[in-house]
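Q: Please take a close look at one part of this structure: the place where its domains meet. Walk me through it in one go.

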Amino acid sequence: MIHISDIALLRKQIKQWKLQGKTIALVPTMGNLHLGHITLVKGAKERADKVVTSIFINPLQFDKKKDLLAYPHTLSDDKKKLGLASCDLVFTPSVSDIYPDGEATTRVEVPVLGVILEGKSRIGHFSGVSTIVNKLFNMVMPDISIFGQKDFQQLMLVQRMVADLNMPIEVIGLPTIRESDGLAMSSRNGYLTEEERSIAPLFNQQLQSIVASIQNGNKNFKALQLSVAKKLNDSGFKADYIEVRRVKDFQTASTEDINLVLLGSVWLGKARLLDNIVFNTFSKSKI
Ligand code: AMP
């Protein structure tokens with residue numbers, strides 16, 4: 001596996017592959033890689049000739065400096081995992097190369113999607129995400145890019161940006177990889193104490209209970225959301241939002257809608273946990 005930090009060297013390698021007629025997949029990450037990330041890399045390898053994984057802890061998408069400073073740096077472990085997953089190139093640009101003027105002067109904003117739910121709670125987060133993804137796309141010029149459904153709003157936002165800006169890139173979302181007890185894998189799970197970790201699976205279980213109720217005909221989404229938020233709060237979590245939305249445009253779901261996504265975000269100690277379930281109202285099998 002090639003390791004490149006310099007943007008000009010990356011462009012040179014990409015140009016060489018393109019001249020050879022190779023297709024390229026990009027998997028953007030912030031490092032501290034776990035099986036969720038590695039599954040995206042393997043999925044990328046099945047779909048393109050060359051896989052580039054970027055590792056860049058993007059200061060622009062952190063709304064709290066403390067969170068940015070605490071984010072784990074585990075590059076040598078990450079490189080081993082990527083090598084074993086047959087990644088072709090790991091790209092680790094520096095903050096000063098990505099933002100030479102200290103901050104991005106031009107930002108990419110995705111209206112509506114960027115300021116609801118996670119974007120409402122973390123002001124500026126999605127502006128940071130769309131800006132860095134756009135910059136990475138311009139550097140790597142991939143044919144496809146793979147994202148996790150774990151960050152469903154982020155996936156929708158990137159797909160929207162690519163469509164709106166006519167970028168010739170296919171953005172593919174792959175399913176969430178979970179621990180055996182149902183907790184979605186996340187670099188932030190490492191912030192949980194042993195006790196918090198033992199109650200963490202309750203989050204996904206409670207989301208599942210909402211989906212089951214809706215599929216059994218309960219159309220009172222608001223009551224279901226409130227009751228689960230209360231249950232979670234009573235069990236030691238701090239619920240931020242638990243909301244049923246339409247998949248097609250992320251607007252609040254009405255009782256007529258069929259294709260839905262349940263999105264949740266909760267605090268558990270120092271960790272902010274995200275999860276979601278995409279489902280339809282008439283089928284008991286989740287999508
Ligand atoms: P991050 O390093 O947290 O920015 O995540 C990089 C990519 O990995 C994003 O597309 C995430 O959605 C994806 N990802 C993170 N956790 C998981 C997971 N448990 N399953 C699948 N994809 C994931």
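A: This is a predicted model. Start with the layout. The domain assignment splits the protein chain into domain 1, residues 2-174, and domain 2, residues 187-280. Taken over C-alpha atoms, the centres of domain 1 and domain 2 lie 26 Å apart.

Now the interface itself. On one side, 22 residues of domain 1 take part; they are in contact with 17 residues of domain 2. Between them, domain 1 and domain 2 bury about 1,600 Å². Carbon and sulfur atoms give 56% of that area. The share on the domain 1 side can be traced to particular residues. Leu117, Glu118 and Phe152 supply 37% of the area that domain 1 buries against domain 2. No other three residues supply more.

Next, the polar side of the interface. Two salt bridges are counted between domain 1 and domain 2. As for polar contacts, seven residue pairs make them between domain 1 and domain 2, with both residues at pLDDT 80 or more. Glu118 deserves a second look. Besides being one of the three residues named for buried area, Glu118 forms a salt bridge with Arg272. The closest N and O atoms of Glu118 and Arg272 are 2.8 Å apart.

One more feature, for anyone looking at empty space. The second largest pocket holds about 230 Å³. Its lining has 16 residues, and Ile55, Phe56, Ile57, His73 and Pro93 are the closest to its centre. By class, the lining of the second largest pocket divides into 10 nonpolar residues, five polar and one charged.

Definitions and conventions. Residues are numbered from 1 along each chain as its sequence is written. This is a predicted model: local features need pLDDT of at least 70, side-chain atom pairs count only at pLDDT 80 or more; totals for chains, interfaces and linings use all residues. Side-chain values use heavy atoms; hydrogens and water are left out. On a 1 Å grid over the protein atoms alone, a cavity is a set of points where a 1.4 Å probe fits but cannot get out, and a pocket is an open set with protein on both sides within 12 Å along at least five of seven lines; lining residues have an atom within 4 Å of a point. Grid points are joined across faces, edges and corners, and a volume is the space filled by probe spheres set on the points. Ala, Val, Leu, Ile, Met, Phe, Trp, Tyr, Cys and Pro count as nonpolar, Asp, Glu, Lys and Arg as charged, and the others, Gly among them, as polar. Domain bounds come from an automatic or database domain assignment. Contact means heavy atoms within 4.5 Å. Buried area is the accessible area (1.4 Å probe) that two parts lose on being put together, summed over both. A salt bridge is a side-chain nitrogen of Lys or Arg within 4 Å of a carboxyl oxygen of Asp or Glu. A polar contact is a pair of N or O atoms within 3.5 Å; within protein, one must be able to donate a hydrogen and the other to accept it, and residues adjacent in sequence count only if both atoms are side-chain atoms.
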